[in-house]
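Visitor: Could you walk me through some of the labels people put on a structure like this, and how each one is earned?
Guide: Sure, let's pull it up.

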Amino acid sequence: ERFKEGLSKTKEKLTSALSEVFEVDRLVDLNLLEELEEKLILADLGVETTLHLLEPFKNKVIKGEPLTTKELKRQLKEKMLELLIEYEKPFPPSEKPSILFFLGVNGVGKTTTIAKLAKRFKEDGKEVLLVAGDTFRAAAIDQLKMWGERLGLEVSHQKEGSDPSAVIYQGLEKAIKENKDLVLVDTAGRLHTKYNLMEELKKMNRVMDKLVPKENRVNILVLDATTGQNAISQAEHFSKAIPLSALIITKMDGTAKGGIALAVSYKFKLPILFIGLGEKAEDLLPFDKHAFINAILP
Ligand code: GDP
């Protein structure tokens, strides 16, 4: 229900775009598939994903095998489900300490997502440490400290302009010493400055390599669904710098561009862990691909 409600704008867009295609049950021809192709691309599924989804149907029609629109819709949903790979390991990891390393450009909702998850983990009885790895903006450090106070969690931080790798080193040492379960690391997200964010992230990754085994780490890229196709280029940037493990897609509630979830997940072969459907902690929902597909394509 929550998925349905939160994804209503995406659903409206997809349903109205596809209604002409699926309205009457009839035999599928190449024209219909072309129309469908255009509509899926416009609904933010992206060219690659759309072509991949429709290829088997095109082949069928070219071979002259009969296919009805009803059957096409059913199989299309099935194919969409296959596209969405699932996160295979336990989340959060159970080793102590485990690190959740959050990446993403400014404004996507990284800090609030960290806070929402930290709250959840704390309620589950985990010992959580927050690390203020965005030292570029004083406001980012303050925002995380504010969340720490609200949630009753410690925040490892240094002053603005400090080396983020030093901050993360200090945070991890503390987490190891104090036997914390989870370390949630906030990072900077400025893409358009002379300073090289990607080099900075690589260096942070190397520091983590020294202190915590890779298996205990999840590198999570946070994307804002409202940015649509821009999310693809963000994923391109970050995946070049750091091996990504999973995605969190925020602000699905206010947008008709939810189709982007399929596009990014497919293109980068990354599972979606959570989606954001609002600003409150309970608005961050574990991603359920069946609920998602049923919500956007009823
Ligand atoms: P950061 O710069 O990436 O750390 O972004 P913030 O965490 O500061 O979030 C930017 C804004 O997005 C804040 O006003 C959040 O409340 C809002 N936000 C985050 N996630 C969601 C979401 O899932 N839905 C909505 N509607 N707003 C969100």
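Visitor: How many aromatic pairs are there, and what makes two rings a pair?
Guide: The count comes to four aromatic pairs. Rings of Phe, Tyr and Trp (its six-membered ring) pair if their centres lie within 6.5 Å; planes under 30 degrees apart are stacked, over 60 edge-to-face, and the rest tilted. One of the pairs is Phe287 with Phe292, at 5.2 Å centre to centre and 55° between the planes, a tilted pair.

Before we go on: this is a predicted model, where local features need pLDDT of at least 70 and side-chain atom pairs count only at pLDDT 80 or more, while totals for chains, interfaces and linings use all residues. Residues are numbered from 1 along each chain as its sequence is written, and side-chain values use heavy atoms, with hydrogens and water left out.

Visitor: Why is Phe287 called buried?
Guide: Buried means under 20% relative accessible area, exposed over 50%, and partly exposed in between (1.4 Å probe, protein chains only). Phe287 has 16%, so it is buried. Its partner Phe292 has 0%, so that one is buried too.

Visitor: And why is Lys251 called partly exposed?
Guide: Lys251 has a relative accessibility of 32%, so it counts as partly exposed. Lys251 also has a positive phi, near 55°, and lies in the loop between strand S6 (246-250) and H11. Helices (H or I, at least four residues) and strands (E, at least two) are DSSP runs, numbered from the N terminus.

Visitor: What makes helix H11 mostly covered?
Guide: Eight of the nine residues in H11 (260-268) are buried, including Ile260, Tyr266 and Phe268. Just after H11, Lys269 takes a positive phi of about 50°.

Visitor: Why point out a positive phi?
Guide: Because most residues other than glycine have a negative phi, and most peptide bonds are trans.

Visitor: Which peptide bonds are cis, then?
Guide: Phe91 to Pro92 is cis, with omega about -5°, and so is Lys96 to Pro97, with omega near -10°. Pro92 lies in the loop between helix H5 (69-83) and strand S1 (98-103). Pro97 is in the loop between H5 and S1 as well. Phe91 turns up again in a cluster linked by ring pairs, with Tyr87, Phe121 and Phe274.

Visitor: How do you know that the charged end of Arg190 sits over a ring?
Guide: The rule asks for NZ of Lys or CZ of Arg within 6 Å of the ring centre and within 35 degrees of the ring normal. Arg190 sits over the ring of Phe136, 3.9 Å from its centre. Arg150 sits over the ring of Trp147, at 4.6 Å.
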